[in-house]
Amino acid sequence: MYHTTTPCSESACWSPSVTSCAECLRRGPQCAWCFKKDFLDTAGPSQRCDLPATLLRRGCEREFMEQSEVKVEVNATVSSTQVSPQDISITLRPGSEASVIVAVKQLERYPVDLYCLVDVSASMQENLDHLKTMGVALSFRMAAQSSDLWLGFGSFVDKPVSPYINVHPSKLRNPCSDYEISCRPAHGFHHVLSMTSNMSEFTRVIKRQRISGNMDTPEGGLDAMLQAAVCQRSVGWRPDAKRLLLLMTDQPSHLALDSRLAGIVTPHDGLCHLENNVYTGSTEMDHPSVGLLSDKMLENHMLSIFAVEKQQYQWYEELVRLLPGSYLGKLGLFQAPNLIELVVDAYKMLLSEVAVSVSVEDKAASRYWVSVSPVCPDGSTVKDQRCSGVMPGQTAYFNITIGMRSCPDSAEREDVTVLVRPVGYNESTVIKIHSKCACSCGPTRRCYEESQCGGSSGREQGLDRGLVKDSDGGSNWNCRADGSEVDCSGRGACECGRCVCDLSRLGSVRGKYCEIDDFSCPYRGGLPCGGRGVCVSGECVCQDEWTGDSCGCPVSTATCQSADGLLCSGRGRCACGRCVCDDPRRYGDFCERCPACQNSCQSFWNCVDCHLSHGLAQKDIAEHCNNTCAPLVGYVDVLSGRAEEMWIQCMYISNDGCRHRFQTSTQAGQTQLQISTRPECADNSRLLGTFLSVCALTVLCGLVLVAVSRLLLQKRALSPGGTAAEGPYHCPGKDLSFIPTTNEKTVTYRRDCLPDRPVEMHIQVAKMPLGDPWQC
């Protein structure tokens, strides 16, 4: 079935620029061209293009009208069980469109191929152990869903290049040597087990797997997915099976352009690169883009399941939205029961969701548009190009509308292929579009596109007026501007030696050669050419006092003159009425502000030192100081320091301690430097006296402080009479209740007096009552 757009306004087809049948039909499917020989003898060719009803009123019968035609042909000889029809042919003209219905039926039971693609980096050791019992249990669990389950296995880590892995020779052999663990070398993708129905073999392969290691957090999951999808012969995908690709990882994946860190800039080509079951393109090509991966998954009828830990769920949630036919599962741990339930649930959901992908050949994608409207088994219509909840045996329908915008530049017949692929199905619909851009104009094949201009008499009158055609009967040279190779600037038609300009919705087109308009030039302030010029051939012709692409720049430099009468204070140039400062540190309306310039004194120190070292002699400057000094250097006795002259005051201290004052200024982009010939030097004898005086005063103050402190300590230690204090000594800081009730101790002092016998002295401290005070 098909339909065409409805006719538009009376002026939708006619235009003075339409001079051929092909141009007429490009204006829309509602337009027609009259190829009747004697139709409007005195009219130009543009009058032959109009709405069919208008041409009929003017005397052109329908058998003399060339109109757009839309044909839809379905090849019913190609049989299919899931997707029908599979071969459709459509004929379109520019502006026309056609609709077809594609039916997608879900079968009762499918054979299933499940390929387990596992991240074997070190962090996945525990999760890898949980897979050893998955094979047999999954086959029993899937028996209710599939007639035949086959399993395959592959592993991945990351690209085996720096900075993704440690490239030390010992680390290449064993990435886990620091932890005294034996690991396998890092790899981009390793195909381990092709599709098999032998669950014991699958379990045996899983038990043999060892972990590996890498340095960065993301892994090479997308690289491995693409190889598992496109290497069909190596993996062993069955043509009639539902193909499930299970990705198991605990980290995000690298994306396209990430490989530039390793110096890999070659984009992925989307092809299989397995040698001895190892991905050899890992170190040569970038990671695949999400768009490329999506195309290859669709092309190879793949459904993907992502089993990731909950910490990475949000990252993969964004990825799944860009991959048709994908399911995301969140697992706390990759334990076998949890993983089996995830696979079964994902298979049920993916099978019940029917979606289609429509793609147009790249060479013609810009000239066609496509829309998809699903009609689901329950009768509902949705807008996201998919039906959910489709049960086995049910059929979903998709109304696919294809429209043609324009013909190719060559205006020749073009055949374009549009591919309709239901996601995850091994059948598809091929739509072949035949574009009709040329006119047949009846049995005679004469469209009468040439201008008649009132017949021969009209031609003779045109020759008398100097309206001469070129030798091949083409365009009239009187309709071309000097240097132009097209009539009427390409925006009108030459009708008998005079330009008839096109009508445009954007604005008016006028001028002898249709060279003037009010819409194709730059706008400023909402007006073309800012209202200060005329738009001619796409460029603004400005008034005398304005210039610029949009006539926005005044010719006068009055707006750049500062208060001193200089342009931009002598520190810049006037461009488009505004100052552009020579020094990037300056700013302001007149380049008058430069806070950073106050810190530029240090940059002249080398120059000042060079002049001082040569005794401020002008004759030696050119030879010794040119490399360090400004072009203009002068000497003065006293620096003026007047602010209106815009000098920056600076100071330089030489090695002998003298201070040398100098000032700098920049005028019209040229730097000047003036050095004072009167240094400020201090007297050495005076400095020595000052230093010694400070030292003596410091010593004296120290002695006085020591004497006063000693006197205060002695006065505090003695009583007013000069004797030691007598009487009891109380211990106010002690709690007397903690003093023991008895305290008796014998101390023996022994002194040997050879050769006489030893002498012993005994001292006995009697018990002291609790309430008695201590005495010294």
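# Exercises on a predicted model

Strand β25, which covers residues 516-517, is joined to β28 by two bridges, and these two strands run antiparallel. The model is a predicted one, and the exercises below work through some of its local features.

## Exercise 1: a sheet and its edges

Find the order of the strands in the open sheet that contains β25 and β28, and then name its edge strands.

Solution. Begin with the sheet as a whole: it is open, it has four strands with antiparallel pairing, and their order is β24-β25-β28-β29. Next, look for the strands that pair on one side only, which are β24 (509-510) and β29 (539-542), and these are the edge strands. Finally, return to the pairing of β25 with β28, which rests on two bridges, and note that D517 has C535 in β28 as its bridge partner.

## Exercise 2: two cysteines with positive phi

Decide for C529 whether the residue is buried or exposed, and do likewise for C576, choosing between buried and partly exposed.

Solution. Start with the backbone: C529 has a phi near 55 degrees, which is a positive value in a residue other than glycine, and for C576 phi is also near 55 degrees. Then locate each residue, with C529 in the loop between β27 (527-528) and β28 (533-536), and C576 in the loop between β32 (572-575) and β33 (578-581). The last step uses the cut-off for burial, which is under 20% relative accessible area. The relative accessible area of C529 is 1%, so C529 is buried. For C576 the value is 37%, and therefore this residue is partly exposed.

## Exercise 3: cis peptide bonds

Identify the residues that a cis peptide bond joins to P85 and to P163, and state where each of these prolines lies.

Solution. Take P85 to begin with: a cis peptide bond joins S84 to P85, with omega at about -10 degrees, and P85 belongs to the loop between β5 (83-84) and β6 (87-92). Turn then to P163, which is joined to S162 by a cis peptide bond with omega of about 10 degrees. This proline, P163, sits in the loop between β9 (146-156) and α5 (169-173).

## Exercise 4: the cover of a helix

Work out how many residues of helix α7 are buried.

Solution. Helix α7 spans residues 221-230, and the buried residues in this helix include G221, D223, Q227 and V230. Counting along the helix gives ten buried residues of ten, and α7 is accordingly described as mostly covered.

Terms used
Residues numbered from 1 in each chain as written. Predicted model: local features only at pLDDT ≥ 70, side-chain atom pairs only at ≥ 80, totals over all residues. Heavy atoms only, no water. Buried < 20%, exposed > 50% of the residue type's maximum accessible area, 1.4 Å probe, protein only. Pairing = 2+ DSSP bridges.
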